[in-house]
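Trainee: Could you take me through one part of this model up close, and then show me how the rest is put together around it? I'd like to see the strands, the helices and any enclosed space as one connected picture.

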Amino acid sequence: MFFNPEIETLPLDKLRKLQSQRLHWLVNYMYQKIPFYKQLFDEKGIEPKSINDIQDIAQLPFTRKEDLRNHYPFGLFAVPREELARIHASSGTTGKPTVVGYTKKDLQIFGEVNARSLAAAGARPGMMLHNAYGYGLFTGGLGMHIGAETLGMSVIPVSGGMTDRQLMILQDFQPDVICCTPSYAQRLAEEIGNRGIDLESLRLKYGVLGAEPWTEAIRVDVQNRLKIKASNIYGLSEIIGPGVSQEAVEERGTGSHVWEDHFFPEVVDPDTGDPLPEGKEGVLVFTTLTKEAFPVLRYWTNDICSLNYDSNSQRTHIKMSAIKGRADDMLIIRGVNLFHTQVEELIQEIPELAAHYQLIVSREKTMDTLEVKVELEPNVQESSDLKLQLGNHLMKKMKDNIGVSARVEILGHASIPRSEGGKLKRIVDKREM
Ligand code: DLL
């Protein structure tokens with residue numbers, strides 16, 4: 001089902017025209033309202049009035065996290081504080097958070113794109129949403145909330161954590177749809193199994209999972225254990241929050257539609273910043289085409305993926321592949337680059353292994369070393385022989401497929417920490433400790 005059929009299926013020539021008009025508006029708006037962009041455009045000799053086509057975007061400068069940090073908290077806002085309707089923030093790894101603002105109109109857009117996302121994920125007006133994304137400064141909870149209300153669903157604003165209460169609500173209130181991080185869906189699924197809760201007694205049909213990288217390994221795990229159809233939702237605070245892109249439930253595994261009438265995506269070369277053609281992997285960059293309070297131009301997300309049009313899909317908007325990881329989370333082990341999702345994919349190919357794993361990076365003398373800890377599937381009979389054999393198998397797969405030598409340790413069930421409600425850290429970096 002479409003929430004906004006006209007826009008979601010807009011022919012590409014019309015979409016380009018709309019994007020071109022909106023980009024023209026955006027650069028002129030930024031030039032007038034945000035001193036940072038005025039200075040940037042003046043320095044680079046960019047004449048905002050001359051930007052008339054979406055293709056002109058390649059001439060425009062990038063915005064980076066550092067620019068946001070340098071203007072903390074409100075320095076890149078385009079409206080006076082009296083016109084703000086909402087503030088969110090994402091906690092950085094160090095120091096101050098990144099602060100983002102919304103006008104009333106921005107909140108309408110937030111509702112619209114998340115209503116589209118929920119509808120694409122299988123949700124319908126009249127269904128009940130169990131919203132286990134965190135409420136608060138994090139955009140997940142309130143973003144899905146406004147989307148669900150816009151679509152015409154009822155919302156249980158349960159927020160993340162307190163797993164006992166989540167399980168009670170899932171049984172007693174009978175929600176149709178759940179949204180949370182994939183790692184927390186794994187946790188909930190596992191607890192349901194541990195407590196012998198009959199899946200038939202639940203009404204859940206769909207999961208809208210995101211906010212962290214995940215692969216088919218976790219999708220299979222969650223879908224089987226919860227008997228739901230789980231699709232991917234992507235977004236980031238700097239662009240709006242959740243609802244920047246969404247996988248259609250009937251096209252799972254083929255990428256997520258970017259709502260590109262609002263958020264114009266590009267994939268660029270991480271070193272040169274040159275735009276890359278369709279299908280090539282690089283850094284994802286977004287321009288907000290309609291936001292008022294906190295518009296951003298060519299924001300360098302650091303997320304790695306590729307973009308592709310899919311002519312088999314009814315929705316015309318471009319699809320982004322699942323995020324491989326963030327460029328700053330890429331591990332470099334003795335010259336080999338890797339993301340934890342690559343290891344996750346290999347784990348899925350070994351049926352005795354569960355999608356519960358951790359990567360541990362340490363430094364021995366001057367060499368970085370990688371250790372992978374993975375759990376056995378709970379129904380597999382444990383033995384030290386089997387663990388050794390599976391460990392060697394995964395080690396060889398990593399060497400053959402990724403080119404990295406790692407130590408692998410196979411552990412029994414429930415040995416690796418689970419998500420407490422939010423994003424799960426799957427990499428332990430002992431070099432920083
Ligand atoms: O995580 C917004 C969100 C909330 C998205 C709920 C989806 C659902 P931030 O906390 O600002 O915002 O983190 C943004 O999380 O740049 C990616 O690195 C990562 N991320 C978000 N969604 C996905 C996803 C929210 N589906 C950062 N797959 C982004 C992979 C994701 N990574």
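Mentor: Let's start with strand 1, residues 86–90. This is a predicted model, and in it four of the five residues of strand 1 are buried, so the strand is largely enclosed by the rest of the structure. Its partner is strand 2: the two run antiparallel and are joined by five bridges. If you want a place to put your finger, take Ile87, whose bridge partner in strand 2 is Gly101.

Strand 2 also takes us to the enclosed space you asked about. There is one cavity of 30 Å³ or more, and about 100 Å³ of space lies in it. Strand 2 (98–102) and helix 4 (65–70) are the elements that give two or more residues to its lining. Helix 4 has the largest share, with three residues. Go round the wall and you'll meet Lys65, Leu68, Arg69, His71, Tyr72, Pro73, Leu76, Phe77, Pro97, Thr98, Val99 and Phe294. Sorted by class, that makes eight nonpolar, two polar and two charged residues.

Now for the big sheet. It is open, with nine strands in the order 4-3-5-6-7-8-9-14-13, and the pairing is mixed. Strand 4 (154–156) and strand 13 (307–308) sit at the edges with a single partner strand each, so one side of each has no neighbour in the sheet. Further in, strand 5 (residues 177–180) pairs with strand 6 (residues 206–210) in the parallel sense, over four bridges. Within that pair, Val177 stands opposite Tyr206 of strand 6.

Helix 5 (residues 104–120) packs on this sheet, where it touches strand 3 (128–131), strand 6, strand 7 (229–236) and strand 8 (241–246). The direction of helix 5 makes about 50° with that of strand 8. One residue of helix 5 deserves a stop, and that's Arg116. Is Arg116 buried or exposed? It's buried: the relative accessible area of Arg116 is 1%, and the cut-off for calling a residue buried is under 20%. Leaving aside residues up to four places away in sequence, Arg116 touches Phe3, Asn4, Ile7, Glu8, Trp259, Asp261, His262 and His317.

Strands 6 and 7 turn up again when you look at helix 9 (residues 216–226). The buried residues of helix 9 are Ala217, Ile218, Arg219, Asp221, Val222, Gln223 and Leu226. They pack against strand 6 and strand 7, and also against helix 8 (182–194), helix 10 (340–348) and strand 18 (353–364). Just after helix 9 comes Lys227, which takes a positive phi of about 55°.

Last stop, strand 16 (residues 331–333), where you'll find Ile333. With 1% relative accessibility, Ile333 counts as buried. Setting aside residues up to four places away in sequence, the contacts of Ile333 are Leu338, Val361, Asp368, Thr369, Leu370 and Val404. For a sense of scale, pick Ile333 and Ala189: they're 144 residues apart along the chain, and their C-alpha atoms are separated by 33 Å.

To go back to where we began, keep strand 1 in view with its antiparallel partner, strand 2, and then follow strand 2 to the cavity lining that it shares with helix 4.

Key:
Residues numbered from 1 in each chain as written. Predicted model: local features only at pLDDT ≥ 70, side-chain atom pairs only at ≥ 80, totals over all residues. Heavy atoms only, no water. Pairing = 2+ DSSP bridges. Contact = heavy atoms within 4.5 Å. Axes fitted to C-alpha atoms, helices over the stretch in contact; angles between N-to-C directions. 1 Å grid on protein atoms, 1.4 Å probe; cavity = no way out; pocket = protein on both sides within 12 Å on 5 of 7 lines; lining within 4 Å. Points joined across faces, edges and corners; volume = space filled by probe spheres on them. Nonpolar A, V, L, I, M, F, W, Y, C, P; charged D, E, K, R; others polar. Buried < 20%, exposed > 50% of the residue type's maximum accessible area, 1.4 Å probe, protein only.
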